[in-house]
Structure formats: C-alpha cells, structure tokens
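Hi everyone, thanks for making time for this. I'd like to walk you through one structure, starting with its ring pairs and ending at a helix.

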Amino acid sequence: MEQSFLDYAMSVIVARALPAARDGLKPVHRRILWAMHEAGLRPDRNHKKCATVVGDVLGKYHPHGDQSVYDALVRMGQDFSLRHPLIDPHGNFGSPSDPPAAYRYTESRLTSLAMHMLADIDEDTVDFSANFDGSTEEPVVLPGRFPNLLVNGSQGIAVGMATNIPPHNLGEVIDATIYMLDNPEATPDDLMEFVKGPDFPTGAQIMGRAGILSAVRTGRGSIKIRARAEIEETAKGGERIVVSEIPYQTSVEQIEEKIAELANARVIEGVREIRNERSRGVTRLVIELKRDAPANVLLNNLYKHTPLQTSFAVNFVALVDGVPRTLNLAQALTHYVSHQVEVITRRSQYRLDKALRRAHIVEGFLKALDLIDEII
C-alpha cells in the first residue's frame with residue numbers, strides 16, 4: 001500500500017497537477033494544444049467542435065476522463081481565467097459563476113499566441129516521447145516562444161503540495177526576459193523594474209506592495225485584491241456604489257448573493273437595492289443606498305464582509321527537470337531563458353543539417369553539369 005501510494009503521489013506531482021517551468025503547461029494542456037496543432041485548428045481556419053478535440057486527446061495522448069480534458073480546454077479559452085487565452089472559443093464557454101455548454105455544442109481553434117507556443121516544433125526543437133500505447137509520439141515540452149508560466153499563471157493541487165501562480169502582463173514579462181538575457185545575474189528586485197506585480201484579467205486593484213515583494217523574492221506571498229468601486233450621486237439626491245472591476249476568481253453573482261445575505265441578516269445596514277447590470281462582458285454591479293446611509297462606511301464594510309476584497313495566496317511551484325521547486329521571479333525567468341537557448345540551438349542545428357544535405361545534392365548536380373554529355 002505504501003509503495004502504491006508513493007507511485008500515485010509521484011505521478012500526480014510529475015504528470016498531472018504541476019506545470020513545467022519551461023513552457024508553463026501541465027501535460028493535459030500540452031496534449032490539447034498538440035492535438036489541435038496536429039488537426040490543423042489554426043487561427044486562420046474554421047472553428048471545430050470541441051467534441052472532436054476531446055476525442056483526439058483521449059484517443060491518442062491522455063487516457064483519463066473526457067470531462068477533465070474538456071475542463072482544461074475550456075479554461076484555456078476563458079478570458080477571465082487566463083490573461084491571454086490560448087484557445088479561441090466559439091459558443092458558451094461559461095462565466096465565473098456558470099459552467100460551459102457541453103462539448104457537443106461548443107467549438108474552438110488555437111489563438112495566434114498559442115501558435116507561438118508551438119512555433120518551430122517540427123524543426124527538432126524539443127524531445128518527443130511515445131504516447132501511452134506506443135502508437136504515436138507527443139512532445140515532452142513545447143518550444144514556448146513566450147514565458148507562458150508567468151503570463152498566464154497556473155493552479156494545481158498535487159499530493160502534499162500545491163501551486164498557485166498569478167498571471168502577469170505580457171509586455172512587462174517580455175521586457176524582464178530581455179533584461180535577463182543581458183544580465184544573467186539579475187535579482188528579483190532588479191526585475192521588478194519591469195514586472196510591477198501580477199496583472200489579473202478581471203482588473204481590480206492590488207492593495208499594498210508587501211505581498212508582491214514577498215512573492216517576487218521568495219515565490220510565496222499573499223496579495224490583497226480589491227474591487228474597483230465608485231460612489232455616485234443619483235438624480236434623486238441619494239447615493240449608490242457602482243462596481244466596475246471585481247477580484248480574480250470571483251463573480252458578480254457571488255458578490256450580489258453575499259451582499260443580499262448580509263443585508264437580510266442585518267450585518268450590513270443601508271442597502272436599498274442591488275442590481276447586476278453586467279452585459280456583453282462589461283462588469284457593472286449597482287448597489288443603491290438608503291437616503292441616510294454613509295456610503296464610505298458601507299463600502300468599507302462590503303470590502304470586509306464580501307468577496308469585493310479577496311486574497312490571492314501566491315505559491316510559485318513548478319517542475320524543474322521533473323522535480324517540484326519553489327521559484328522566485330529571477331529563477332522562473334532563468335529556467336525559461338535556458339529553455340529558449342536550447343530551442344534556438346536545436347532549431348539552428350536542424351536548419352544547418354538540412355542546408356548541408358541540400359548543398360550536397362546541389363554539388364552533385366554542378367559536377368554532373370560539367371560532364372552532362374557523358375552522363376546523357
């Protein structure tokens with residue numbers, strides 16, 4: 001039993017729940033992107049049923065449940081989950097509070113950014129390994145031409161460890177990577193000149209810098225996120241609170257429900273009406289106040305008691321050469337840069353070998369041209 005549990009724990013840690021430091025992907029995400037690449041679901045072609053993609057992934061690469069594959073596929077297409085989605089969705093891919101439609105109804109294709117994750121994969125840039133039954137091969141890691149681990153973050157619960165990496169701004173991370181190339185000894189504090197902190201897809205504000213500093217320097221820290229809310233005067237002389245951005249991984253419906261619950265329980269006094277005016281992806285939650293209610297006091301109480309203010313516990317754990325490691329910002333970028341050096345070296349060698357093979361044939365043709373009559 002002990003041996004079996006250890007085997008299970010290791011497989012969850014290494015082959016399921018934790019992302020690789022090099023491309024920032026877990027095996028299921030890597031297999032989905034590779035299967036879609038193989039099927040030709042490029043950004044310049046039509047969307048294709050998600051059921052087809054899920055079937056391909058299950059049949060060739062990922063012998064687990066269809067729901068787990070579809071959930072991973074959907075998450076890569078949600079603009080409120082990933083800072084830069086890798087899948088272009090078509091149909092109902094869900095919202096922060098609603099599940100997506102079944103895979104027989106939805107369609108997908110790769111985004112142009114996902115094509116950068118797969119760029120030059122056919123030029124011997126990465127190693128391939130046999131799939132579960134040896135019938136085909138799958139990439140061990142993707143070339144990943146941008147630092148996906150930092151840009152889109154990752155979350156996973158393994159056995160005895162977990163990871164929780166926030167998303168960051170693509171431009172900032174690229175600037176930090178370029179600085180890292182010129183200054184390999186750069187410290188996390190040096191890189192903070194470029195990466196100011198996490199950049200959550202749902203917006204909102206980060207309160208204070210202590211949590212960011214701790215996360216960047218040590219790979220662990222707690223970051224407080226607060227919704228963006230404004231107090232407005234109504235036409236009738238009253239006041240209302242309008243929320244336009246909410247913390248990462250919360251939903252307007254959750255917040256609305258919690259406020260109503262607290263108002264009914266008399267924990268919060270002064271709320272007259274709550275309206276969810278969210279439409280076409282634009283967040284807007286309106287909280288109408290009673291005539292004499294102090295708006296600022298009420299807003300602070302809402303931050304205290306509802307998901308209008310949350311904490312994101314950063315735990316930057318990723319696989320380095322198959323071993324889980326807690327990384328700071330500089331270490332994460334160092335592993336990414338060394339991966340890119342290997343990818344570019346292998347690509348150059350592949351192109352050189354191809355050119356040499358071609359040159360050999362061309363030299364033969366040139367020799368043949370000199371004695372063309374004899375050859376004929």
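Let me start with a definition: rings of Phe, Tyr and Trp, using the six-membered ring for Trp, count as a pair if their centres lie within 6.5 Å. Please also keep in mind that this is a predicted model.

With that in hand, ring pairs join Phe200, Tyr248 and Phe312 into a cluster. Let's look at one pair in it. The ring centres of Phe200 and Phe312 are 5.5 Å apart and the planes make 55 degrees, so this pair is tilted. It connects distant parts of the chain: Phe200 is in the loop between helix 8 and strand 8, Phe312 is in strand 14, and 112 residues separate them. Are these two rings buried or exposed? Phe200 has a relative accessible area of 5%, so it is buried, and Phe312 is buried too, at 4%.

In total, the structure has 7 aromatic pairs. Another one is formed by Trp34 and Phe128, whose ring centres are 5.4 Å apart with planes at 70 degrees, so this pair is edge-to-face. Trp34 belongs to helix 2 and Phe128 to strand 4, so the pair ties together parts that are 94 residues apart in sequence. Here the burial is mixed: Trp34 is buried at 7% relative accessibility, while Phe128, at 28%, counts as partly exposed.

One more ring for those of you who like cations: Arg226 sits over the face of Tyr303, 4.1 Å from the ring centre.

Now to a sheet. Its 4 strands form an open sheet in the order 10-11-13-12, and the pairing is antiparallel. Strand 10 and strand 12 are the edges, each pairing on one side only. On average, neighbouring strands are turned by 20 degrees against each other, ignoring direction. Strand 10 is joined to strand 11 by 6 bridges, and Glu232 has Arg240 in strand 11 as its bridge partner. Which helix packs on this sheet? Helix 10, residues 252-264, does, touching strand 12 and strand 13, and its direction makes about 165 degrees with that of strand 12.

Next, two loop residues. His168 lies between strand 7 and helix 7, and its relative accessible area of 7% makes it buried. Beyond its sequence neighbours within four places, His168 contacts several residues, including Arg83, Leu150, Pro198 and Asp199.

The other is Asn328, in the loop between strand 16 and helix 12. Asn328 is buried as well, at 13%. Its C-alpha is 5.1 Å from that of Thr218, although the two are 110 residues apart in sequence. Not counting residues up to four places away, Asn328 touches Pro188, Val216, Arg217, Thr218 and Gly219.

That brings me to helix 12 itself, residues 329-370. How does its span compare with what we should expect? At 1.5 Å a residue, its 42 residues should span 62 Å, and the end C-alpha atoms are 61 Å apart, which agrees. Among its buried residues are Leu329, Tyr336, His339, Arg346 and Arg347. The buried residues of helix 12 pack against helix 6, helix 7, helix 8 and helix 9.

And that's my tour. Happy to go back to any part of it!

Notes: Residues numbered from 1 in each chain as written. Predicted model: local features only at pLDDT ≥ 70, side-chain atom pairs only at ≥ 80, totals over all residues. Heavy atoms only, no water. Phe/Tyr/Trp six-rings, centres within 6.5 Å; stacked < 30°, edge-to-face > 60°. Buried < 20%, exposed > 50% of the residue type's maximum accessible area, 1.4 Å probe, protein only. Lys NZ or Arg CZ within 6 Å of the ring centre and 35° of its normal. Pairing = 2+ DSSP bridges. Axes fitted to C-alpha atoms, helices over the stretch in contact; angles between N-to-C directions. Contact = heavy atoms within 4.5 Å. Expected span 1.5 Å × (residues − 1).
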